[in-house]
Amino acid sequence: MARLPSGATGSAPPTLRRARWSAALAGYAMISVPMLLFLVLQIGTVFYAIYISLWRWNVRSGPVTFKGLGNYQTALGDPVFQRAVSNSLYYAVVWVPLTMAIGLFLAVIVNQKIRGQTFFRGAYYFPAIASSAAITILWIFIVSPFGLFNSVRETLGLNPLFELLGYGPHKNWIGDQDTALNSVIILNAWTTSGTFMLFYLASLQSISGQVYEAAAIDGASAWQTFWKITFPLLRPGHYFVATVAVIGALQLFDQAAIAGGPNGDPNNALMTVVLYLYNAAFSQLNFGYAAAVGVILFAVIFTATVIQRRLFGGAPSW
């Protein structure tokens, strides 16, 4: 082993160490402001909401009466809030896997070398960048009693089939409490699947082509290649898309508010947790109670995210 020159040590020279420290301090200085804003505006607001939820809160004077867990007890015992939670959970359970499946299907299609590939990618993604309010209003007209959907099914002679299922020729799909939420699910599955398509497309393009070449040499069919190779290798993509989808589903607000109004009509069929929170904060000006509802929603979303992390073991670690 070669010996160090006389007087040399194994550590870096002082000048190099100072340069490294200066570079590190400059890097920390650059990220200090964004990190401070994140801690204050994101993490800090969570704790502040917890503090507000313990009081009867006045927007001008601040805390009025300490209520402890009273706001939480009132929320959990309110039948309207219970309906809002059940609607949000039903929406998430149905909408998330449906939209993920459609997004993955579209991603697999546009990932192929087909003519007009760029056009189809843009066409599938276009509903995601359109105005949510405009699309919802258009959808209300489409599924109205004398709208396009009922006219098309009458033209195609499908009314007898729908009548067997209990749906008349002039069904108001948004105005019926039995079909209102499902109508919104179909609407959002169409508008959001393009976004999930892009997420899955990025994951698909990260898979090496050599894997598919080996599968082709082994004689694997298209379905075997997808189910045995593509789908398992998309595990990190599944985790990311599922997490984003569940968070978005539990925060459903604009379509429900536009289609059902502030009360989530008909008969609270479109009442969601965020719409309930909005009413408590801005209609009733009960900010302490609204903060309690927000904390409950945060706990549900956080729990759902942790569960998904356990289910997708191959996802990137925290």
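# Exercises on a predicted model

In this predicted model, L285 is placed in the loop between α13 and α14 (287-311). The exercises below begin with the backbone of that region and move on to rings, charges and domains.

## Exercise 1. Backbone in the loops around α13

Determine what is unusual about the phi values of L285 and N268, and state which loops hold these residues and how accessible they are.

Solution. Begin with the general expectation: most residues other than glycine have a negative phi, and most peptide bonds are trans. L285, a residue other than glycine, departs from this with a positive phi near 55°. Its relative accessible area is 54%, so L285 is classed as exposed.

Next, turn to N268, which sits in the loop between α12 and α13. N268 is not a glycine, yet its phi is positive, at about 60°. With a relative accessibility of 22%, N268 is partly exposed.

Finally, inspect the peptide bond from D265 to P266: it is cis, with omega near 5°. P266 belongs to the loop between α12 (254-260) and α13.

## Exercise 2. An aromatic pair in helix α13

Classify the aromatic pair formed by Y278 and F282, and relate it to the positions of the two residues in helix α13.

Solution. A pair of aromatic rings is described by the distance of the centres and the angle of the planes. The structure contains 25 aromatic pairs. In the pair of Y278 and F282, the centres are 5.3 Å apart and the planes make an angle of 40°, which is a tilted arrangement. The class follows because stacked planes are under 30 degrees apart and edge-to-face planes over 60.

As to position, Y278 and F282 are four residues apart in helix α13 (residues 273-283), so about one helical turn separates them. Y278 is partly exposed at 36% relative accessible area, while F282 is exposed at 55%.

Two further ring arrangements may be located in the model. Y48, Y51, W55, W57 and F66 are linked by ring pairs into a cluster. R153 is placed over the face of F162, 4.6 Å from the ring centre.

## Exercise 3. The salt bridge

Identify which side chains form the one salt bridge found in the whole structure, and decide whether K171 is buried or exposed.

Solution. Side chains of opposite charge can pair when their charged atoms come close. The search of the whole structure yields one salt bridge. Its partners are K171 and D176, with an N to O distance of 2.1 Å. The relative accessibility of K171 is 13%, so K171 is buried.

## Exercise 4. Two domains and their interface

Describe the interface of domain 1 and domain 2 by contacts, buried area and salt bridges.

Solution. First, set the bounds: domain 1 covers 21-66 and domain 2 covers 70-312. Their centres, taken over C-alpha atoms, are 31 Å apart.

Second, consider contacts: nine residues of domain 1 touch nine residues of domain 2.

Third, consider area: about 640 Å² is buried between the two domains, with 69% of it on carbon and sulfur atoms. On the domain 1 side, V46, S53 and W57 lose the most area to domain 2, together accounting for 52% of what that side buries.

Fourth, consider charge: zero salt bridges are found across this interface.

Lastly, examine L69, which occupies the loop between β2 (62-66) and α2 (70-77). L69 is exposed, at 55% relative accessible area.

Notes:
Residues are numbered from 1 along each chain as its sequence is written. This is a predicted model: local features need pLDDT of at least 70, side-chain atom pairs count only at pLDDT 80 or more; totals for chains, interfaces and linings use all residues. Side-chain values use heavy atoms; hydrogens and water are left out. Rings of Phe, Tyr and Trp (its six-membered ring) pair if their centres lie within 6.5 Å; planes under 30 degrees apart count as stacked, over 60 as edge-to-face and the rest as tilted. Buried means under 20% relative accessible area, exposed over 50%, partly exposed in between (1.4 Å probe, protein chains only). A charge sits over a ring if NZ of Lys or CZ of Arg is within 6 Å of the ring centre and within 35 degrees of the ring normal. Domain bounds come from an automatic or database domain assignment. Contact means heavy atoms within 4.5 Å. Buried area is the accessible area (1.4 Å probe) that two parts lose on being put together, summed over both. A salt bridge is a side-chain nitrogen of Lys or Arg within 4 Å of a carboxyl oxygen of Asp or Glu.
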